[in-house]
Amino acid sequence: MYVHDHLGRPLTSARMSVNGTRLHYRVGGQGDPVVLLHGAPKTSYHWRDVVPYLTPHHTVITPDLRGLGDSEPAAAGFDTVTLAEDIAELMSGLGFDSYRVVGEDWGAAVAYQLAARHPDQVRQLVYQEAFLAGFGWEEMTHLDAERVAAGAWIYHIGFFFKPDIPEMLITGRERPFIDHWMSQEAHHVDALSSDFLDEYVRCYTMPGRLRAMLSIYRASLEDAELNRAAARTPLPMPVLAVGGRYAMGGDPARQMREVATDVREVLLDSGHHPAQETPRETAEAYLGFFTGDR
């Protein structure tokens with residue numbers, strides 16, 4: 001499916017070989033570059049409704065993470081350091097040596113490592129609706145009475161860690177599984193329109209994509225060690241921590257204050273998917289941050 005800029009023109013779609021894999025990406029707009037990194041179970045199409053607000057001011061790059069979306073299948077390399085190096089090489093290959101990074105969910109964890117490893121290239125970081133392994137991720141996977149009563153425990157992580165069983169049970173049932181997963185994390189459920197679901201299902205039913213997504217989760221114990229090591233040097237660039245008021249709330253800001261020196265915070269009137277639930281407000285938060293407005 002197409003993603004359009006503010007003038008209704010489709011973004012350019014292409015692939016590039018980077019870091020031992022081949023990524024699909026879209027690019028469009030004008031001005032200083034900003035790269036948008038999606039989470040799970042999503043693809044770069046997740047940013048569709050945010051992109052037109054950004055393209056009048058920025059060149060926007062929306063990659064599919066390694067092995068996901070229309071990026072080519074990959075057998076390994078799903079820790080966030082490797083995923084971050086994929087993006088660093090992509091941006092270098094596109095001719096950008098300085099850029100802003102926005103990440104949501106797993107894309108935020110990748111964006112953190114990208115900023116930590118390439119502080120001279122990443123001018124600003126937006127860290128949205130994510131728990132960083134080693135800084136709260138593990139605690140949120142535990143059941144307790146309060147979380148169960150609120151229906152707020154993260155049930156799928158332990159399930160995903162079991163080798164082969166999720167692949168066996170989800171394959172052939174991708175649509176109801178993704179629909180349920182995303183809907184139960186949303187506040188504005190009606191914003192999760194069927195065209196988004198159609199695109200996610202199209203991609204996650206292609207060979208290798210489901211296993212790639214599960215492999216990102218399965219690398220989180222390794223990620224915890226990598227994140228704790230990276231955090232020994234606080235991020236020097238400004239960070240905007242974005243939380244959905246009805247999802248992670250202030251947790252993204254709490255985590256970023258443990259790993260960065262200059263953290264601003266915004267809460268949006270959404271659940272876990274601000275870019276789909278409240279795209280205009282989400283884009284306005286980014287643009288205000290980019291221009292220095294509080």
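**Surface patch.** I began at the surface of this predicted model, where Ile165, Met168 and Leu169 make a nonpolar patch of about 270 Å². I then looked up Leu169, which lies in helix H6, residues 165-170, and I noted that Leu169 is partly exposed, because its relative accessible area of 42% falls between the 20% limit for buried and the 50% limit for exposed.

**Helix H9.** Next I turned to helix H9, residues 209-218, and asked how many of its residues are buried. I found 8 of the 10 to be buried, so helix H9 is largely enclosed by the rest of the structure. I listed the buried residues of H9 as Arg209, Leu210, Ala212, Met213, Leu214, Ser215, Ile216 and Tyr217.

**Aromatic pairs.** I looked up the ring pairs and noted that the structure holds 10 aromatic pairs. One of them joins Trp106 and Tyr217, an edge-to-face pair with 5.3 Å from centre to centre and 75 degrees between the planes. Since Trp106 lies in helix H3 (residues 106-117) and Tyr217 in helix H9, this pair ties together parts that are 111 residues apart in sequence. I also checked the accessibility of both partners: Trp106 counts as buried at 7% relative accessibility, and Tyr217 counts as buried at 2%.

I then went to Phe160 and Trp181, whose ring centres are 5.3 Å apart and whose planes stand at 65 degrees, so I entered this pair as edge-to-face, the angle being over 60 degrees. Phe160 lies in helix H5 (residues 156-161) and Trp181 in helix H7 (residues 174-184), so the pair ties together parts that are 21 residues apart in sequence. I recorded both Phe160 and Trp181 as buried.

Which residues form one aromatic cluster? I found that Trp106, Phe159, Phe160, Phe177, Trp181 and Tyr217 do, a list that holds the partners of both pairs entered above.

**Whole chain.** For the overall picture I noted that the secondary structure of the protein chain comes to 13 helices and 8 strands. The radius of gyration is 17 Å, close to the 19 Å that the globule rule gives for 294 residues, so I entered the chain as being as compact as a globular protein of that length. Along its principal axes, the C-alpha trace spans about 45 × 40 × 35 Å.

I closed with burial and contacts: buried residues make up 56% of the 294 residues, and, among contacts with a separation of 6 or more, residues 24 or more positions apart account for 74%. The protein chain exposes about 11,800 Å², of which carbon and sulfur atoms supply 52%.

Technical notes. Residues numbered from 1 in each chain as written. Predicted model: local features only at pLDDT ≥ 70, side-chain atom pairs only at ≥ 80, totals over all residues. Heavy atoms only, no water. Patch = residues over 30% accessible without salt bridge, like charges linked within 9 Å, V, L, I, M, F, W, Y side chains within 5 Å. Areas by Shrake-Rupley, 256 points an atom, 1.4 Å probe, with all protein chains shown as cover. Salt bridge = Lys/Arg side-chain N within 4 Å of Asp/Glu carboxyl O. Helix = DSSP H or I, 4+ residues; strand = E, 2+ residues; numbered from the N terminus. Buried < 20%, exposed > 50% of the residue type's maximum accessible area, 1.4 Å probe, protein only. Phe/Tyr/Trp six-rings, centres within 6.5 Å; stacked < 30°, edge-to-face > 60°. Rg over C-alpha atoms; globule rule 2.2 N^0.38 Å. Contact = heavy atoms within 4.5 Å.
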